[in-house]
2 protein chains.
Amino acid sequence: MNDLTQTPEMLIATLGARARRAASIIAQASDAQKADALRRAAQALRDQAPAILAANARDMENAAANGLSPAMLDRLKLDEDRIAGAAAGVEQVASLDNPLGSVIDTVVRPNGLELSRVRVPLGVIGIIYESRPNVTADAAALCLRAGNAVILRGGSEAKESNRAIHAAMVEGIVAAGLPSEAVQLVPTTDRAAVGALLKAAEFVDLIVPRGGKSLVARVQEEARVPVLAHLDGINHSYVDGAADPAMAQSLVVNAKMRRTGICGSTETVLIDRAYPSAGALVQALLDAKCEVRGDEAVQAMDARVIAASDEDWDTEYLDAIVSVRLVDGVEEAIAHIDVHASHHTDAIITDDAAVAEHFLNAVDSAIVMWNASTQFADGGEFGLGAEIGISTGRLHARGPVALEGLTTYKWIVRGTGQTRP
Amino acid sequence: MNDLTQTPEMLIATLGARARRAASIIAQASDAQKADALRRAAQALRDQAPAILAANARDMENAAANGLSPAMLDRLKLDEDRIAGAAAGVEQVASLDNPLGSVIDTVVRPNGLELSRVRVPLGVIGIIYESRPNVTADAAALCLRAGNAVILRGGSEAKESNRAIHAAMVEGIVAAGLPSEAVQLVPTTDRAAVGALLKAAEFVDLIVPRGGKSLVARVQEEARVPVLAHLDGINHSYVDGAADPAMAQSLVVNAKMRRTGICGSTETVLIDRAYPSAGALVQALLDAKCEVRGDEAVQAMDARVIAASDEDWDTEYLDAIVSVRLVDGVEEAIAHIDVHASHHTDAIITDDAAVAEHFLNAVDSAIVMWNASTQFADGGEFGLGAEIGISTGRLHARGPVALEGLTTYKWIVRGTGQTRP
C-alpha cells in the first residue's frame, strides 16, 4: 500500500477520496447494519487475539530496544484482558442509542414551511494518537456508529499492533456489508503524513488528537481542519465555609487521589477561611500520601506541607501532589479559578444552595460540579457511553464528547410550493 | 487610541484583554439589562443619525476618490432609511427570546448525580467585515444579546461610518450600565491588525468573516481561531418527473430570479427526463430575462439557450444566469449535486413524497428543501431573527446562524457527596 514514490499529500488525498466515498455509503446505511458491523468487529478482535498479541510482542520488542519509558511500554502493551476489554468496548458502542436521524427541533412558519433540524453524520474524521493501540478499536467504533468514515494515524511504536487491530475491525465491517474504506489506517508512520492529514480540509471534517500535550499542541498549531482538542485539566475543588466536613474530606481526597493521572483529577484545593475543619482536610490529604503545597496559612497547619510557588497554581500535576490555598469565600474562589483554571472541571462543596448556584453560574468551565468529585468528569460516568475525548474548546462540543459530538445537523424544509415574496 | 509605537499584536492583546473582562461581566448580566442596552443603542443610532450621515459622507467622498465600484459605493452608502433600518434591526434582536440559560438536556445517573447541559455565552467574538457599515450595529447586537463581547474590524473604506455607528452602540451599552469594552472597534485599518486578530486564540473564541470570497478565504487561511465561514452557494433545484408543472415553474423562477445576488439563489436546475414540461420551464426562465446555459437536450428546447461548459456546473453566478441539465431521475440528480453542489441549499420539486424523502435524506447539504424556493435560505425566513451568517462548515452550527450559534453550553453536575469508586 505504501508506494515510496508517493508524496504524503498524494497518499492522504488517496485515503481521503476513499473515505469520502465510504462516508456517503455509511451515512445511508441503516443503524442496524452499523451496529452489526461493530458486533462482528468485536468478535473478530476476540478471534484474532493471537495474531494481535503476536504483533504487539513485536512492537514491545522494538519499543524496549528503542528505550521507551516504562509508562509508555505499559500503555503499548496488550494482553488477553486488554483485547477482551477493547472488544467489549466496541460492543458497548454498538449497544448505544442511534445518534442519527433524531429531530433536534421543528417549527412551522406562518407561510406554512415546516423546518426541522435533523442529526446527520459529520463526514470524515481523522484520529491522531499515540501508543495505546486500543484507540484503533475505540475510535473506529465511535466514528462508525455516528455514521462517519475515519482515517486513523497511530504512533510508530504501535504500528504492528494497530495494523492487527485494524484488520480485525475491517473484517467485521466487511462482513456486515459495509465498505472497508470506512475505517482506514494511514499505512506509513512517516510524520509528514500527519502534516498532510492536518491540512486535508477537502477530505477531512474534524481532527481528534488523542495523546499528550505536545501531540495536541502540534496538531492545533498545524491543522487547517477543525480540531476537537483536549488541553490541560487544571481542576479545582472549592471547600466553602458551609461545607459538611465529612463530605468535604471524602470528596477532596477522592477528587485528588482516586486516580492522579486522569484529566478530571483535582489539582488545586481552595478552602474558605470560614471553613472550620481546614486542618483536618489537609491532614487527610497528607495521610493519603499526597504531597501538599500550600500558601502560608496552609503551611502553618502541618509541618509536612511544602511552600507553594507561583507556578503551582497553574500546574497540572497528574500526580499525588496538590496545591492548597485559603480564600475569602466563594467570590475569591471564583476569581482564583477564573485566572488559574484550564476551565475543564471545577467543583464547589457546600451545603448552601444559593452559594452553590452562584458558583455553578459564575465559573465558566466545561464542567461545573456541586458536591461531587471532579473525577466523575468522564463520558462513561456521564452516561454517554465511550468518549472520543473531553473537549476544552468552546465550539461544537464541550466537555465529554461521545457519539453526539461526532454528528452535525442539517435543516430539512418541507413546503407546498411557497415562493419567497 | 491608536498608538503608532504599538505592534498589531500588542494592540489586539490590549483589546482582547479588555474584551475578556467585559465578556465576564456581560455573561453575568441579566437578559433584561442586555435587551435594555440594545434598545438604548437603537435610540442612540436614531439620535445620532446626523453625525453618522456626516461620517458616511466623508467615507463616500474618499471612496469615490479612490475609484470604488458603484456596487461597493452602494453597499457603503447610508441614508435616513438605512439608519432607521439598522436601529430597527437592533431592536428586533432585543425582542428575540433569551438564548442563554436554557437547559438542553438533563439526566439523573444511577448514582444520583444530576447532569444538565445549559446554554452559556461563547465568550469573545471577532467580526471581520467589508463595506456595509450597518454590520457594525447588526453584529454587535447579536453578539451582545448572546452574552458575548465582540471585537469589530470593519473595512477601511467605511472607517468613519463604523466609528460613528460604534459610538452610538457604546452609548446605549453604557447607558444600560454595561461595560463599553463589550463592543470594541479595532481603531486602525492597518491590515496587520486583522492578521493579529486571526491568531489571537487566547483572547478570541470565534471569528466570523462577513464579506466576499477573497475575505473569507484569507480569514480561513490565516486564522488560528475557529472560523464560522460562509463559502459559495452553488444551489440546485431538481424538478422531478412527478412535479406539478405550475408549481415547478413558479418555484424555479423564484429560486433563480427573485434576487440573483444572494447566496440562497439557485444556480443550477436539474430536470428529470420524465418531467413532461421541461420546455415550458426553460422558456419561463428565458422569459424572465435569465440567461440559460444548457446541455444538448436543453439547447434543443429553445434557440436562446447557450451551450453550458464544464465550468458552468461548478459556478456561483450570483447573476441572472442559470445552468440547466436533464437527468435520469432522482438518483442522477443526487449524484450531480454530490459532485457539484457547495452543499449550501438544494431543493427537490415533486408530488411524490417517497422520492422527496429520499432526496432530503441523501443530499448532504446544510439546507435541503422539498417544494420550496431555495431563496428561503435565510435566518429571518427561518424564524431565527437576524443572522450572523450562513455557515457552510459542518461543525458547531450549520446553515443560518443566529443567537443560538453564538452560544455554547456547559455541563452542570449536582451531587450529594458522590465519590467515584
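## Sheets shared by the two chains

Two strands count as paired if DSSP finds at least two bridges between them. In this predicted model, that criterion yields an open sheet of 10 strands with mixed pairing, ordered E1(A)-E2(A)-E16(A)-E13(B)-E12(B)-E7(B)-E8(B)-E11(B)-E9(B)-E10(B). Its edges are strand E1 (103-108) of chain A and strand E10 (306-307) of chain B; each has a single partner strand, so one side of each is left without a neighbour in the sheet.

A further open sheet of 10 strands, also of mixed pairing, follows the order E10(A)-E9(A)-E11(A)-E8(A)-E7(A)-E12(A)-E13(A)-E16(B)-E2(B)-E1(B). Strand E10 (306-307) of chain A and strand E1 (103-108) of chain B are the edge strands here, each pairing on one side only. At the chain A end, strand E9 (residues 291-294) runs parallel to E10(A) and is joined to E10(A) by 2 bridges. The bridge partner of A:Arg293 in E10(A) is A:Ile306.

## Strands E7, E8 and E11 of chain B

Strand E7 (residues 235-239) of chain B has 5 of its 5 residues buried, so E7(B) is largely enclosed by the rest of the structure. In a regular strand the side chains alternate between the two faces of the sheet. For E7(B), B:Asn235, B:Ser237 and B:Val239 point one way, while B:His236 and B:Tyr238 point the other way.

E7(B) pairs with strand E8 (residues 266-272) of chain B in the parallel sense, over 5 bridges. Within this pairing, B:Val269 of E8(B) stands opposite B:Ser237. E8(B) in turn pairs with strand E11 (residues 321-327) of chain B, again in the parallel sense and over 5 bridges. Here B:Leu270 stands opposite B:Arg325 of E11(B).

## Helix H8 of chain B and its surroundings

In helix H8 (residues 191-198) of chain B, 6 of the 8 residues are buried, so H8(B) is largely enclosed by the rest of the structure. The buried residues are B:Ala193, B:Val194, B:Gly195, B:Ala196, B:Leu197 and B:Leu198. These buried residues pack against several elements of chain B: helices H1 (8-28) and H9 (213-222), together with strands E3 (124-129), E4 (149-153) and E6 (206-210).

Strand E4 of chain B contains B:Leu152. This residue has a relative accessible area of 0% and is therefore buried. Leaving aside residues up to four places away in sequence, B:Leu152 touches B:Ile127, B:Tyr129, B:Thr136, B:Ala139, B:Ala140, B:Val183, B:Gln184, B:Leu185 and B:Val186. By contrast, the C-alpha atoms of B:Leu152 and B:Thr419 are separated by 46 Å, the two residues being 267 residues apart along the chain.

## Overall properties of chain A

The secondary structure of chain A comprises 14 helices and 16 strands. Its radius of gyration is 24 Å, close to the 22 Å given by the globule rule for 421 residues, so chain A is as compact as a globular protein of that length. Along the principal axes, the C-alpha atoms of chain A fill a box of roughly 70 × 65 × 35 Å.

Of the 421 residues in chain A, 56% are buried. Among contacts in chain A between residues at least 6 apart in sequence, 71% join residues at least 24 apart. The exposed area of chain A is about 15700 Å², of which carbon and sulfur atoms supply 52%. Chain A carries 38 positive and 55 negative side chains, and the centres of these two sets lie 9 Å apart.

Conventions. Residues numbered from 1 in each chain as written. Chains lettered and ligands numbered in written order. Predicted model: local features only at pLDDT ≥ 70, side-chain atom pairs only at ≥ 80, totals over all residues. Heavy atoms only, no water. Helix = DSSP H or I, 4+ residues; strand = E, 2+ residues; numbered from the N terminus. Rg over C-alpha atoms; globule rule 2.2 N^0.38 Å. Buried < 20%, exposed > 50% of the residue type's maximum accessible area, 1.4 Å probe, protein only. Contact = heavy atoms within 4.5 Å. Areas by Shrake-Rupley, 256 points an atom, 1.4 Å probe, with all protein chains shown as cover. Lys, Arg positive; Asp, Glu negative; His and termini not counted. Charge placed at Lys NZ, Arg CZ, Asp CG, Glu CD.
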